[in-house]
Amino acid sequence: MRAATLTMGLMLAAVGIWSFANSGVTFLALAFVIGLAMIIDGAVEGGIYIYARSGIRKDNNVWMLADNIITLLTGILVISGELAADVAVPYVFGMWLVFAGVTRITVSMNIDKAEKKENFMWTAGIGLVYCIAGFAGMFNDLLLGVSLGELIGILIIIKAIGILEIGFHMPHARTIE
């Protein structure tokens with residue numbers, strides 16, 4: 001599970017860097033690769049959640065599954081070509097990251113802060129960064145003023161950092177002796 005999560009984080013980081021490097025082209029030229037990466041990430045991360053949490057009844061991390069479903073649906077929206085107007089793209093990606101941030105903050109509130117203080121701080125901190133980056137992306141013209149490809153690249157790289165953090169803090173599998 002850890003390897004798959006880290007692989008998804010690295011894949012999204014590579015797509016974010018690729019989007020940033022190709023920022024001079026239109027969004028429709030970037031949409032297939034970005035949408036495909038989001039679909040793969042949403043499906044794999046959702047599958048990991050379902051596989052890893054299938055026997056746990058008192059699991060409070062269902063919000064992580066909701067984040068994966070939204071990533072999958074956003075990827076489908078991007079790859080289907082429904083975001084033909086470049087004006088809507090920053091809002092869709094900004095809302096995607098804000099939703100991911102709110103889910104991370106919600107998950108952090110359910111962590112036992114006395115026992116897992118470091119895990120709580122990382123989860124809440126990444127969630128806050130997601131929210132700030134998402135709102136900055138939605139107000140790109142006023143705050144950042146970067147091109148669309150650069151903005152999407154930055155937002156995807158920020159999301160990839162959060163996925164890598166999940167992979168690094170994921171519990172190790174115990175070996176059977």
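Q: Leaving aside its neighbours within four places in sequence, which residues is Asp-67 in contact with?
A: In this predicted model, a contact list shows which parts of the chain come together, and for Asp-67 the list, without neighbours up to four places away, holds Phe-99, Ala-100, Thr-103 and Lys-159. Asp-67 itself is found in helix α3, which covers residues 62-79.

Q: Is Asp-67 buried or exposed?
A: The word depends on relative accessible area, and buried means under 20%. Asp-67 has a relative accessibility of 4%, so Asp-67 counts as buried.

Q: How many helices and strands are there in the chain?
A: A count of elements is a useful way into a fold, and here the chain has 7 helices and 0 strands, which gives the pattern α-α-α-α-α-α-α when read along the sequence. The radius of gyration is 16 Å, close to the 16 Å that the globule rule gives for 177 residues, and therefore the chain is as compact as a globular protein of that length. Along the principal axes, its C-alpha atoms fill a box of roughly 55 × 30 × 25 Å.

Q: What do the totals for the chain say about burial, contacts and surface?
A: Such totals describe the chain as a whole, and the share of buried residues is 44% of the 177 residues. Of the contacts between residues at least 6 apart in sequence, 76% join residues at least 24 apart. The accessible surface comes to about 9,600 Å², and carbon and sulfur atoms account for 70% of this area.

Q: How far apart are the mean positions of the positive and negative charges of the chain?
A: Here one compares two averaged points, one for the 10 positive charges and one for the 13 negative charges, and in this chain these mean positions are 13 Å apart.

Q: Which residues have the most contacts inside the largest nonpolar core?
A: A core is read by its members and by the elements that supply them; this one has 29 residues, and those with the most contacts inside it are Phe-27, Ile-34, Phe-93, Ile-152 and Ile-156. At least two residues of this core come from each of α1 (2-21), α2 (27-53), α4 (89-109), α5 (117-138) and α7 (148-169), and α7 gives the most, with 8 residues. Taking Phe-93 as a case and not counting residues up to four places away in sequence, one finds that Phe-93 touches Phe-27, Ile-34, Met-38, Val-78, Ile-152, Leu-155 and Ile-156.

Q: Where does Ile-111 lie, and is this residue buried or exposed?
A: Location and burial are read separately: Ile-111 lies in the loop between α4 and α5, and its relative accessible area is 13%, so Ile-111 is buried. Apart from neighbours within four places in sequence, Ile-111 is in contact with Lys-116, Asn-119, Phe-120 and Thr-123. The C-alpha atoms of Ile-111 and Leu-155 are separated by 26 Å, with their positions 44 residues apart along the chain.

Q: Which residues does Phe-20 touch, not counting residues up to four places away in sequence?
A: Phe-20, found in helix α1, touches Gly-149, Glu-150, Gly-153 and Ile-154 when those neighbours are not counted. Its relative accessibility of 39% is why Phe-20 counts as partly exposed. Sequence distance and spatial distance can also be set side by side, since Phe-20 and Ser-147 are 127 residues apart in sequence and 9.1 Å apart in space, C-alpha to C-alpha.

Methods: Residues numbered from 1 in each chain as written. Predicted model: local features only at pLDDT ≥ 70, side-chain atom pairs only at ≥ 80, totals over all residues. Heavy atoms only, no water. Helix = DSSP H or I, 4+ residues; strand = E, 2+ residues; numbered from the N terminus. Rg over C-alpha atoms; globule rule 2.2 N^0.38 Å. Buried < 20%, exposed > 50% of the residue type's maximum accessible area, 1.4 Å probe, protein only. Contact = heavy atoms within 4.5 Å. Areas by Shrake-Rupley, 256 points an atom, 1.4 Å probe, with all protein chains shown as cover. Lys, Arg positive; Asp, Glu negative; His and termini not counted. Charge placed at Lys NZ, Arg CZ, Asp CG, Glu CD. Core = buried A, V, L, I, M, F, W, Y, C linked by side-chain atoms within 4.5 Å.
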